[in-house]
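Colleague: I would like a close look at a single part of this protein, set in the context of the whole chain. Please take the part towards the start of the chain and work outwards from there.

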Amino acid sequence: MLRDATEEYKDIIDKERPVHNGDDFEARHPKMSRENRAKIFAPFAALKGYEEAIDDTAITHTVN
């Protein structure tokens, strides 16, 4: 039986983000700019050549 996610994470759901003021963690992992964080989650081409193959197929089917 599946449990409610709120119940499962009730001990951490309302916690604030940790603050690292000059500790070892902050030295190893400095805060990133919004632009650099966005690069991590930017879309990427998982299948090389996929878009070109789709475009070629579209051209073949619309020309004939």
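Modeller: What follows starts with the loop after the first helix and then moves along the chain to the last one.

The model is predicted. The loop in question runs between α1 (5-8) and α2 (24-28), and Ile13 lies in it. Ile13 is partly exposed, its relative accessible area being 49%. Together with Tyr9 and Ile12, Ile13 makes a nonpolar surface patch of about 300 Å². Membership of such a patch requires over 30% relative accessible area, and Ile13, at 49%, satisfies that part of the rule.

The charged residues in this stretch come next. Lys10 forms a salt bridge with Glu7, and the closest N and O atoms of the two are 3.2 Å apart. The pair qualifies because the rule asks for a side-chain nitrogen of Lys or Arg within 4 Å of a carboxyl oxygen of Asp or Glu. In general, side chains of opposite charge can pair when their charged atoms come close. Neither partner is buried: Lys10 counts as exposed at 54% relative accessibility, while Glu7 counts as partly exposed at 45%. By this rule the protein has one salt bridge.

The rest of the chain gives the setting. The protein has four helices and zero strands, and its pattern along the sequence reads α-α-α-α. Of its 64 residues, 0% count as buried. Buried means under 20% relative accessible area, so the partly exposed state of Ile13, at 49%, fits with that count. The radius of gyration of the protein is 23 Å, whereas a compact globule of 64 residues would have one near 11 Å. The C-alpha trace spans about 65 × 40 × 15 Å along its principal axes. About 7,000 Å² of the protein is exposed, and carbon and sulfur atoms supply 56% of that area.

Further along, Pro43 lies in the loop between α3 (34-41) and α4. Pro43 is exposed, with a relative accessible area of 80%. Measured against the loop we began with, Pro43 and Ile13 are 30 residues apart in sequence and 28 Å apart in space, C-alpha to C-alpha.

The last helix, α4, covers residues 50-63 and includes Glu51. Glu51 gathers with Glu52, Asp55 and Asp56 in a patch of negative charge on the surface. Ala58 also lies in helix α4, and Ala58 is partly exposed, with a relative accessible area of 39%. From Ala58 back to Lys48 is 10 residues along the chain, and their C-alpha atoms are separated by 18 Å.

Taking charge over the whole protein, there are 10 positive and 14 negative charges, and their mean positions are 5 Å apart. To return to the part you asked about: the stretch holds the nonpolar patch of Tyr9, Ile12 and Ile13, and also Lys10, which pairs with Glu7 in a salt bridge.

Key. Residues are numbered from 1 along each chain as its sequence is written. This is a predicted model: local features need pLDDT of at least 70, side-chain atom pairs count only at pLDDT 80 or more; totals for chains, interfaces and linings use all residues. Side-chain values use heavy atoms; hydrogens and water are left out. Patches are made of residues with over 30% relative accessible area and no salt bridge: like charges are joined within 9 Å, nonpolar side chains (Val, Leu, Ile, Met, Phe, Trp, Tyr) within 5 Å. Accessible areas come from the Shrake-Rupley method with a 1.4 Å probe; for residues, only the protein chains shown count as cover. Helices (H or I, at least four residues) and strands (E, at least two) are DSSP runs, numbered from the N terminus. Buried means under 20% relative accessible area, exposed over 50%, partly exposed in between (1.4 Å probe, protein chains only). The radius of gyration is taken over C-alpha atoms; the globule rule is 2.2 Å times the number of residues to the power 0.38. Lys and Arg count as positive and Asp and Glu as negative; His and the chain ends are not counted. The place of a charge is taken as NZ of Lys, CZ of Arg, CG of Asp or CD of Glu.
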